[in-house]
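Me: Please take a close look at the surroundings of the ligand, and then work outwards to the ring contacts and the unusual backbone geometry. I would like the cut-offs stated with each term.

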Amino acid sequence: MDVSRIKATNWRNFRKIDVELNGTTYLLGANGSGKSNFLDIFRFIRDIVNPKGGGLQYAVEERKGMTKLRCLASRQVPGIDLEIELKENGEEVPTWRYCLSFSGEKGGKRRTLIRKEEAYKNGELIFSRPDDKDKDDKDRLAETYLEQTNANKEFREISAFFQKTLYLHLIPQLLKYSEMFVSKQTESDPFGQGFLSQLADTPEKTRVSRLGRIEKILKKALPKFEELQFVKDKHGNPHLEMRHKHWRPNAGRQQEDQFSDGTLRLIALLWTLMSSNNLILLEEPELSLHEKLVGEIPKMLQKARRSTGKAGGQIFVSTHSKALLSDPSISGTFLVLTPTESGESTQIEQPTKDELKAIELGMSPADILLPKTSPIQGELF
Amino acid sequence: MEEVQIFVAYAEDALSCEVMKRLVAFRNERTDSGAVLTFRKGFPENKRGFGGIKKQIPAMKNMADAGLLVFVLTDLDQRDCSPELIRDWFKLNDSKPNLPEDFIFRVAERETESWLMADYESLSKFLSIPVANFPKAPDAIERPKQELLNILRRKAKKRCFKEMIPEPGGHVGPEYNNQMSIFVRNHWNVDRASGRSNSLQRALNKLIRFGGHNGSTP
Ligand SMILES: Nc1ncnc2c1ncn2[C@@H]1O[C@H](COP(=O)(O)OP(=O)(O)OP(=O)(O)O)[C@@H](O)[C@H]1O
Ligand SMILES: [Mg+2]
């Protein structure tokens with residue numbers, strides 16, 4: 001099942017979003033154009049359905065409240081609307097459609113309250129809120145049905161879908177020097193501090209097989225690289241270890257705090273692609289990698305999607321990279337985030353017919369679409 | 001008035017991109033009938049050298065054949081003549097190579113800087129360097145950018161112009177594109193320059209003819 005369409009009003013810097021999606025989705029846009037904000041829609045829903053203490057209130061508070069979330073440029077509409085369609089491959093009608101509108105409570109406990117919540121299965125309405133019970137008891141509107149296991153029996157597939165969303169934006173320093181950052185490691189682990197525990201929590205057989213595949217790729221990508229292993233130290237803490245060719249026999253191995261930034265990011269990227277059949281959100285996977293490797297990323301993504309034993313696994317990628325977007329194998333949905341005419345918010349443009357034609361005729365998305373995101377005319381200096 | 005969009009426009013450097021914009025604006029002022037040429041958002045694009053442009057010639061030719069307007073400006077550099085360059089890049093054998101109508105492919109002889117130095121009066125005034133220091137026959141300059149930088153090395157007084165000079169190992173100084181772009185936008189007399197530079201004159205003619213009559217290709 002894939003996200004086939006997404007609509008939103010007043011989500012962060014977007015006043016309106018309405019895009020249909022197909023295959024891997026690439027998000028292109030200048031710095032600050034809203035690529036991460038777009039990905040955050042999925043993380044937001046994941047926070048709602050997170051069985052360990054998630055929920056609408058949590059998801060909004062994590063983002064510092066409605067005032068931070070709601071589009072500053074919006075005027076009339078008081079709240080935020082989200083609508084997501086999930087479709088089985090090849091089906092006409094989306095299997096699921098889920099709509100959620102919410103806004104901040106005026107006065108009182110200043111919670112976030114649901115204005116509308118609806119779910120459709122194969123085009124038919126399953127429920128619509130507020131219902132009669134909600135009218136009697138306003139507190140109920142602080143919780144979505146989606147987050148309530150006893151209420152969402154009929155549409156649990158939706159929550160299950162989003163629970164498994166993976167977000168990858170590994171910051172090597174956070175992993176290498178975790179002791180220096182007394183950071184709160186959130187459940188969703190956005191920046192990779194928990195990457196090693198994630199490895200540790202994976203059943204050994206799976207882990208060995210995945211690391212074996214990663215090792216093979218690293219051998220090609222890193223000069224002189226020889227071996228990658230998962231180990232636990234005497235305190236039981238998980239580590240990755242690496243060995244290079246031509247090291248003195250007793251030179252020992254390096255642990256992850258000595259890995260290069262690009263090595264760590266590449267390992268995390270490959271691991272993430274192997275570990276999910278579901279939604280994967282990749283933040284600028286090109287970071288720290290040699291251009292040659294960046295150019296391989298579209299192929300990596302396609303292979304991950306097609307690999308055996310996988311139902312698919314939809315991938316969203318935010319990127320600035322020319323190398324990534326000019327790989328000839330690249331395909332999918334390209335979303336170009338550009339400021340609106342008035343400049344007060346961002347709109348999402350899909351390629352025009354001519355732009356698609358040009359790509360078909362041998363130009364790459366990097367040639368045809370990336371220039372549209374250029375923040376400056378001419379040069380900065 | 002009808003607009004005809006230049007779908008893709010490429011040049012070898014930031015300065016040539018400015019020149020393309022100026023030429024299109026100039027052309028739009030001059031053509032009283034027909035369509036206005038506009039660039040698609042993000043174009044012209046600086047391809048940083050000719051390699052990337054050359055590689056994309058086949059795809060650009062496909063686009064032009066399919067009716068998407070392509071505009072390329074490149075430097076002749078040390079080649080003999082532009083037909084030779086075109087034959088090589090487009091893999092053609094004819095002595096007078098023909099390109100699709102919607103492919104405006106222009107070669108500056110020998111570099112964009114020749115076109116700018118062709119209006120040496122304005123350039124001399126802009127850079128505050130006496131006009132006697134500038135060569136008077138733009139097509140005869142072997143390495144126009146080097147020539148310009150040499151003049152700057154000898155004569156530039158103001159700091160912003162001194163910063164156009166490259167440090168050892170660099171090709172241009174940090175202010176080069178910026179100052180020259182200002183010149184192109186605000187001081188360069190296209191009429192005067194085209195009276196002295198053949199390749200500029202031909203580029204202008206092609207642009208002016210384009211879409212001049214019925215709004216589509218001539
Ligand atoms: N509620 C809001 N209303 C309007 N704008 C907002 C809101 N919340 C965040 N923004 C704006 O969104 C922008 C940040 O967007 P985001 O982080 O998604 O950019 P990005 O495309 O990921 O950029 P980068 O490439 O630098 O990572 C900021 O300019 C911020 O001001
Ligand atoms: Mg971002």
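Reply: What follows begins at ligand 1 and then turns to rings, a contact between chains and the backbone.

This is a predicted model, in which local features need pLDDT of at least 70 and side-chain atom pairs count only at pLDDT 80 or more, while totals for chains, interfaces and linings use all residues. Residues are numbered from 1 along each chain as its sequence is written, chains are lettered from A and ligands numbered from 1 in the order in which they are written, and side-chain values use heavy atoms, with hydrogens and water left out.

Around ligand 1 there are 17 residues, the closest being A:Gly32, A:Lys35, A:Ser36, A:Arg70 and A:His320; a residue is taken as near a molecule if one of its heavy atoms lies within 4 Å of it. Sorted by class, this shell has four nonpolar, eight polar and five charged residues, where Ala, Val, Leu, Ile, Met, Phe, Trp, Tyr, Cys and Pro count as nonpolar, Asp, Glu, Lys and Arg as charged, and the others, Gly among them, as polar.

Three backbone approaches to ligand 1 can be set out, each falling under the polar contact term (a pair of N or O atoms within 3.5 Å; within protein, one must be able to donate a hydrogen and the other to accept it, and residues adjacent in sequence count only if both atoms are side-chain atoms). A backbone N or O atom of A:Asn37 is 2.8 Å from an oxygen atom of ligand 1, whereas the partner of the backbone N or O atom of A:Arg12 is a nitrogen atom of ligand 1, at 3.2 Å. For A:Arg70, a backbone N or O atom lies 2.8 Å from a nitrogen atom of ligand 1. Of the 660 Å² of accessible area that ligand 1 has on its own, the protein covers 69%, with areas taken from the Shrake-Rupley method with a 1.4 Å probe and, for residues, only the protein chains shown counting as cover. The elements that give two or more residues to the shell are α1 and α3 (66-69) of chain A, and α1(A) gives the most, with three residues; helices (H or I, at least four residues) and strands (E, at least two) are DSSP runs, numbered from the N terminus.

The rings come next. Over all chains the structure holds 19 aromatic pairs, meaning rings of Phe, Tyr and Trp (its six-membered ring) whose centres lie within 6.5 Å, with planes under 30 degrees apart counted as stacked, over 60 as edge-to-face and the rest as tilted. One of these pairs, A:Phe38 with A:Phe316, is tilted, at 6.3 Å centre to centre and 40 degrees between the planes. The pair joins distant parts of the chain, since A:Phe38 is in helix α1 (residues 35-49) of chain A and A:Phe316 in strand β13 (residues 315-319) of chain A, 278 residues apart. A:Phe38 counts as buried because its relative accessibility is 0%, buried meaning under 20% relative accessible area, exposed over 50% and partly exposed in between (1.4 Å probe, protein chains only). A:Phe316 is likewise buried, with a relative accessible area of 0%.

In chain B, B:Phe90 and B:Phe105 form an edge-to-face pair, 5.1 Å centre to centre with 85 degrees between the planes. B:Phe90 belongs to helix α4 (residues 82-90) and B:Phe105 to strand β5 (residues 103-108) of chain B, 15 residues apart, and both residues are buried. Ring pairs link B:Phe50, B:Trp89, B:Phe90, B:Phe103 and B:Phe105 into a cluster.

Arginine also meets rings here. The charged end of A:Arg210 sits over the ring of A:Trp271, 4.9 Å from its centre, where the term asks that NZ of Lys or CZ of Arg be within 6 Å of the ring centre and within 35 degrees of the ring normal. B:Arg40 lies over the face of B:Phe7, at 4.2 Å from the ring centre, and the side chain of B:Arg40 also makes a polar contact of 2.6 Å with the side chain of A:Glu355. A:Glu355 lies in helix α13 (residues 353-360) of chain A and is buried, with a relative accessible area of 2%.

Finally, the backbone. Most residues other than glycine have a negative phi, and most peptide bonds are trans. A:Arg12, in the loop between β1 (2-11) and β2 (14-20) of chain A, has a positive phi near 45 degrees. The peptide bond from A:Arg129 to A:Pro130 is cis, with omega near 0 degrees, and the bond from B:Glu109 to B:Arg110 is cis, with omega near -10 degrees.
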